[in-house]
Amino acid sequence: MKVYCNCCGKEIVGTEDTKAEMEDYVIIEKSWGYFSKKDGIRHKIRVCESCYDKWIKTFALPLQEVEERELL
């Protein structure tokens, strides 16, 4: 299965099925519940690292950044 960035449409090298991606990206999944206008809908988006970097610069509050000591 090919994986594409939902922001820019670029193909992300590798496949989601094998976990052998050559590029890293963010996956966001949200199942909307009661009191939302999207009740019962699940969204899944993928954002490439380049688009992620651009996106977080637009946030009103900075992200919490924690350095990982061990990388798997």
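This passage describes the fold, core, largest pocket and selected residues of a predicted model.

The protein contains 1 helix and 4 strands. From the N terminus, the elements follow the order β-β-β-β-α. The helix thus named last in this order is H1, spanning residues 49-56. Strand S3 covers residues 25-31, and strand S4 covers residues 42-48. Of the 72 residues, 12% count as buried. The accessible surface amounts to about 6,600 Å². Carbon and sulfur atoms account for 54% of that surface. Contacts were also considered by sequence separation. Among those between residues at least 6 apart in sequence, 29% join residues at least 24 apart.

The largest nonpolar core comprises 7 residues. Its members are Val3, Cys5, Ile12, Tyr25, Val47, Cys48 and Cys51. Tyr25 belongs to strand S3. Its relative accessible area is 14%. The cut-off for a buried residue is under 20%, so Tyr25 counts as buried. Tyr25 and Val3 lie 22 residues apart in sequence. Their C-alpha atoms are 9.9 Å apart in space. Both residues are members of the largest nonpolar core.

Cys48 is another member of this core. Residues up to four places away in sequence were set aside in listing its contacts. On that basis, Cys48 touches Cys5, Cys8, Lys10, Ile12, Asp24 and Tyr25. Among these partners, Cys5, Ile12 and Tyr25 also belong to the core.

The largest pocket holds about 170 Å³ of space. Its lining is formed by Asp24, Tyr25, Val26, Glu49, Tyr52, Asp53 and Ile56. Strand S3 and helix H1 are the elements that give two or more residues to this lining. The largest share, 4 residues, comes from H1. By residue class, the lining divides into 4 nonpolar, no polar and 3 charged residues. Tyr25 appears both in this lining and in the largest nonpolar core. Asp24 also lines the pocket, and Asp24 is one of the residues touched by Cys48.

Trp55 is located in helix H1. Its relative accessible area is 35%. Buried means under 20% and exposed means over 50%. Trp55 falls between these limits and is therefore partly exposed. The C-alpha atoms of Trp55 and Cys7 are separated by 9.4 Å. Along the chain, these two residues are 48 residues apart.

Ser31 sits in strand S3. Leaving out residues up to four places away in sequence, Ser31 touches Ile41 and Arg42. Arg42 falls within the range of strand S4 (42-48). Ser31 and Lys44 are 13 residues apart along the chain. Their C-alpha atoms are separated by 8.8 Å.

Phe35 occupies the loop between S3 and S4. Its phi is near 70 degrees. This is a positive value in a residue other than glycine. Most residues other than glycine have a negative phi. Phe35 has a relative accessible area of 88%. Because exposed means over 50%, Phe35 is classed as exposed.

Conventions: Residues numbered from 1 in each chain as written. Predicted model: local features only at pLDDT ≥ 70, side-chain atom pairs only at ≥ 80, totals over all residues. Heavy atoms only, no water. 1 Å grid on protein atoms, 1.4 Å probe; cavity = no way out; pocket = protein on both sides within 12 Å on 5 of 7 lines; lining within 4 Å. Points joined across faces, edges and corners; volume = space filled by probe spheres on them. Nonpolar A, V, L, I, M, F, W, Y, C, P; charged D, E, K, R; others polar. Buried < 20%, exposed > 50% of the residue type's maximum accessible area, 1.4 Å probe, protein only. Contact = heavy atoms within 4.5 Å. Areas by Shrake-Rupley, 256 points an atom, 1.4 Å probe, with all protein chains shown as cover. Core = buried A, V, L, I, M, F, W, Y, C linked by side-chain atoms within 4.5 Å.
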